[in-house]
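Thank you all for coming; I would like to take a few minutes on one protein and go through its model piece by piece. Please have a look at the sequence and the structure before I begin.

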Amino acid sequence: MSLFVRHSLFTYGTLQMPEVQLARFGRLLHGRRDRLPGFRTMEILIADSEVIAVSGTDRHLLVVPSANPGDAVEGSVLRLTDEELSAADDYEVDDYARVEVVLASGTKAWAYLASDRARDGETPSG
């Protein structure tokens, strides 16, 4: 595993959970609090049994654009290696797409937002 931390990842849901971090990254990550302005969360049902086993729930948050400019999603910025970012990609189901965002602090980070499929209203799946 590369020891070089190269990526900032804004997390707002299960990737903040210690048990998920240990399962996906093999270590606990300490994030810095931040916000993603102009977005809101909604809850979706996850069908992927591996994701449910790791997170302990079939209900996950999904970030979507908000019509209310005052909305913002609270979360944490984690610093990841290339391998850890790939492990995070493998964890997220098809309802999520990794997109570069600018946080309230001005930090550029990756975030998992609603994919086109999820925004088009297709039934979430695993």
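Let me start with a question: leaving aside its neighbours within four places in sequence, which residues is Thr-41 in contact with? The model, which I should say at once is a predicted one, puts Thr-41 in contact with Tyr-12, Leu-61, Leu-62, Val-63 and Val-73. Thr-41 belongs to strand S3, which covers residues 39-45, and with a relative accessible area of 35% it counts as partly exposed. Glu-74 is 33 residues away from Thr-41 along the chain, and the C-alpha atoms of the two are separated by 9.5 Å.

Before going further into single residues, let me give the overall layout. The protein has 4 helices and 7 strands, and read from the N terminus these elements follow the order β-α-β-β-α-β-β-α-β-β-α. Of its 126 residues, 40% count as buried. If we take the contacts with a separation of 6 or more, 72% of them are between residues 24 or more positions apart, and the next pairs illustrate that kind of separation.

Gly-38 sits in the loop between S2 and S3, and at 22% relative accessibility it is partly exposed. Its C-alpha lies 5.5 Å from that of Ala-72, although the two are 34 residues apart in sequence. Beyond its sequence neighbours within four places, Gly-38 touches Pro-65, Ser-66, Pro-69 and Asp-71 as well as Ala-72. Looking from the other side, Ala-72 is in strand S5, residues 72-81, and it is also partly exposed, with a relative accessible area of 30%. Its contacts, again without the neighbours within four places, are Arg-35, Leu-36, Pro-37, Gly-38 and Phe-39.

A further example comes from strand S1, residues 5-11, where we find Arg-6. Arg-6 and Leu-80 are separated by 74 residues in sequence, yet their C-alpha atoms are 6.2 Å apart. Outside its neighbours within four places, Arg-6 is in contact with Leu-80 and also with Arg-79, Thr-81 and Asp-82.

Turning to the helices, I would like to look at H1, residues 18-25, and H3, residues 82-91, whose axes come within 9 Å and cross at roughly 115 degrees. The two helices are therefore roughly perpendicular to each other, and H1 passes H3 in a right-handed crossing. On the H1 side the residues involved are Val-20, Arg-24 and Phe-25, and these meet Glu-84, Ala-87, Ala-88, Asp-90 and Tyr-91 in H3. Sorted by class, this contact has 5 nonpolar and 3 charged residues, with no polar ones.

Finally, how much confidence does the predictor attach to all this? The mean pLDDT of the protein is 89, and 90% of the residues reach 70 or more. Among the elements, strand S2, residues 32-37, has the highest mean pLDDT, at 98, whereas helix H4, residues 116-119, has the lowest, at 69. Over residues 122-126 the pLDDT stays under 50, although the model does have 13 contacts beyond four places in sequence for this stretch. Where pLDDT is low, the predicted coordinates should not be read in detail.

Terms used: Residues are numbered from 1 along each chain as its sequence is written. This is a predicted model: local features need pLDDT of at least 70, side-chain atom pairs count only at pLDDT 80 or more; totals for chains, interfaces and linings use all residues. Side-chain values use heavy atoms; hydrogens and water are left out. Axes are lines fitted to C-alpha atoms, for helices over the stretch in contact, and angles run from 0 to 180 degrees between N-to-C directions. Angles under 35 degrees count as roughly parallel, over 145 as roughly antiparallel, 65 to 115 as roughly perpendicular and the rest as oblique. A crossing is left-handed if the near helix is turned anticlockwise from the far one by less than a right angle, and right-handed if clockwise. Contact means heavy atoms within 4.5 Å. Ala, Val, Leu, Ile, Met, Phe, Trp, Tyr, Cys and Pro count as nonpolar, Asp, Glu, Lys and Arg as charged, and the others, Gly among them, as polar. pLDDT is the predictor's confidence in each residue, from 0 to 100. Buried means under 20% relative accessible area, exposed over 50%, partly exposed in between (1.4 Å probe, protein chains only).
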